[in-house]
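Subject: Structure handover

Hello,

Here is the structure you asked about. Please open it alongside this note.

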Amino acid sequence: MKTTRIIAILCTTALLFACDAPKTDAPKADDHQTHKAEAEHAHEHEHEAKSDKPVMTLEDLPEGVNIVQYEMQHLTKAMQDILFHIANADLAKIPVEISKVHPIYELTHQALEQGLYQPPANSDNVPGFASRDDAFHEDLVVMVRAARANDLQATTAAYAKLVQGCTDCHTEFRFAQP
């Protein structure tokens, strides 16, 4: 019941800003290969050129930005756009939004494997951080599948689970514990 109220509030907020919001077009599943296939499939259905293409190598990151911050910036935009699409029952655009994040997800894992990133809190638990990131991206695939099935209820429920995943990860790995 609490999740339903939160989603209702989020959707109402999205509808209030729908007139001013720009229109844009929006996977990791059981394993890394499935996520990649979902992202490639979404790219096949993207019809307009994107000027905000994500970086493709760790060396391409803007100066002073770490890969996790960069991924979070793109996830934040995608989640905002997805909420707009859910509020307008325009689910076909959700896979395109997620496809924009997938290449950055891969770079985050490269950085983690190379020891180039440690979370601000619980920095000794990089494997736990990577595991949460994997689970989050698996949940993105669930949402993409629901959106492709044009199932508004399942897409909304998946979105709510993703928002909770953001909160859980930030609580554990971003904010210092008292």
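Below is what I found in it, from the fold to the cores to the cysteines.

The model is predicted. The protein chain has seven helices and zero strands. Of its 178 residues, 44% count as buried. Its accessible surface is about 10,000 Å², and carbon and sulfur atoms account for 55% of that.

Now the interior. The largest nonpolar core holds 18 residues. Those with the most contacts inside it are Ile82, Ile94, Ile98, Leu140, Met143 and Tyr159. Helix 3 (67–87), helix 4 (94–99), helix 6 (126–148) and helix 7 (152–173) each give two or more residues to this core. Helix 3 gives the most, with six residues.

Met143 is a good place to start looking. Beyond its neighbours within four places in sequence, Met143 is in contact with Ile82, Ile94, Ile98, Thr155, Ala158, Tyr159 and Leu162. Another core, of 15 residues, lies apart from the one described above. Its members include Leu61, Tyr70, Leu112 and Cys169.

Then the cysteines. How many disulfides does the structure hold? Zero. Why is Cys169 not bonded to Cys166? The closest cysteine sulfur to that of Cys169 is in Cys166, 8.1 Å away, which is too far for a bond; a disulfide needs the two sulfurs within 2.5 Å. The two residues also sit on either side of the burial cut-off of 20%. Cys169 is buried, at 16% relative accessibility. Cys166 is partly exposed, with a relative accessible area of 28%.

Best wishes

Key: Residues numbered from 1 in each chain as written. Predicted model: local features only at pLDDT ≥ 70, side-chain atom pairs only at ≥ 80, totals over all residues. Heavy atoms only, no water. Buried < 20%, exposed > 50% of the residue type's maximum accessible area, 1.4 Å probe, protein only. Helix = DSSP H or I, 4+ residues; strand = E, 2+ residues; numbered from the N terminus. Areas by Shrake-Rupley, 256 points an atom, 1.4 Å probe, with all protein chains shown as cover. Core = buried A, V, L, I, M, F, W, Y, C linked by side-chain atoms within 4.5 Å. Contact = heavy atoms within 4.5 Å.
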